[in-house]
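Please open the model in your viewer and keep the selection tool at hand. The tour moves from one side chain to the open and enclosed spaces.

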Amino acid sequence: MALHFELVSPEKLVFSGEVTQVDLPGAEGDFGVLEGHAPLVTTLRPGIMTVYAGGNAQRIVVLGGFAEVSDKGLTVLADTADAVKDFDRAVIAARIAELEQQATKLEQGNELDKIITRLDHFKEVDRHLTGTAAH
């Protein structure tokens, strides 16, 4: 059984083809999509997406975006999408520094909470890229 999957970033069509499964970093938590998944639209948080096709697993860094599951398959519109091996870690370091600076300027409250949550997501991606985490 196969699931049609398309991954699109602002720069290019990153992937289009049949896969067996895709694991995504959803805003509400990680989730997997197989053929026959219920329709849904959700936002993605910064994280690692894993695409299973042809007996192989490819890990891709996404820095946010949207995912739509429909009867036609899965479409991911990602802010950034690069294979883990090709990803420029300086991008993550710059985002972390920027968010840390923003957090120091905010008072306690909802905006600070949002910044801290986003900062945590970027730090998690950085840990995956530098450590031995096998997400």
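What follows is a short series of selections, each with a note on what is there.

This is a predicted model, in which local features need pLDDT of at least 70 and side-chain atom pairs count only at pLDDT 80 or more, while totals for chains, interfaces and linings use all residues. Residues are numbered from 1 along each chain as its sequence is written, and side-chain values use heavy atoms, with hydrogens and water left out.

Begin with aspartate 23, which lies in strand S3, residues 21-26 (a strand is a DSSP run of E of at least two residues, numbered from the N terminus). Aspartate 23 is buried (under 20% relative accessible area, with a 1.4 Å probe and protein chains only) yet has no salt bridge (a side-chain nitrogen of Lys or Arg within 4 Å of a carboxyl oxygen of Asp or Glu); the nearest side chain of opposite charge, arginine 59, is 9.5 Å away.

Now add tyrosine 52, whose side chain is joined to that of aspartate 23 by a polar contact of 3.4 Å (a pair of N or O atoms within 3.5 Å, where within protein one must be able to donate a hydrogen and the other to accept it, and residues adjacent in sequence count only if both atoms are side-chain atoms).

Next, select Arg45, Gly47, Ile48, Glu124 and His128, the closest to the centre of the largest cavity among the ten residues that line this cavity. The largest cavity has a volume of about 60 Å³, and S5 gives the largest share of its lining, four residues.

How values were computed:
Buried means under 20% relative accessible area, exposed over 50%, partly exposed in between (1.4 Å probe, protein chains only). Lys and Arg count as positive and Asp and Glu as negative; His and the chain ends are not counted. On a 1 Å grid over the protein atoms alone, a cavity is a set of points where a 1.4 Å probe fits but cannot get out, and a pocket is an open set with protein on both sides within 12 Å along at least five of seven lines; lining residues have an atom within 4 Å of a point. Grid points are joined across faces, edges and corners, and a volume is the space filled by probe spheres set on the points.
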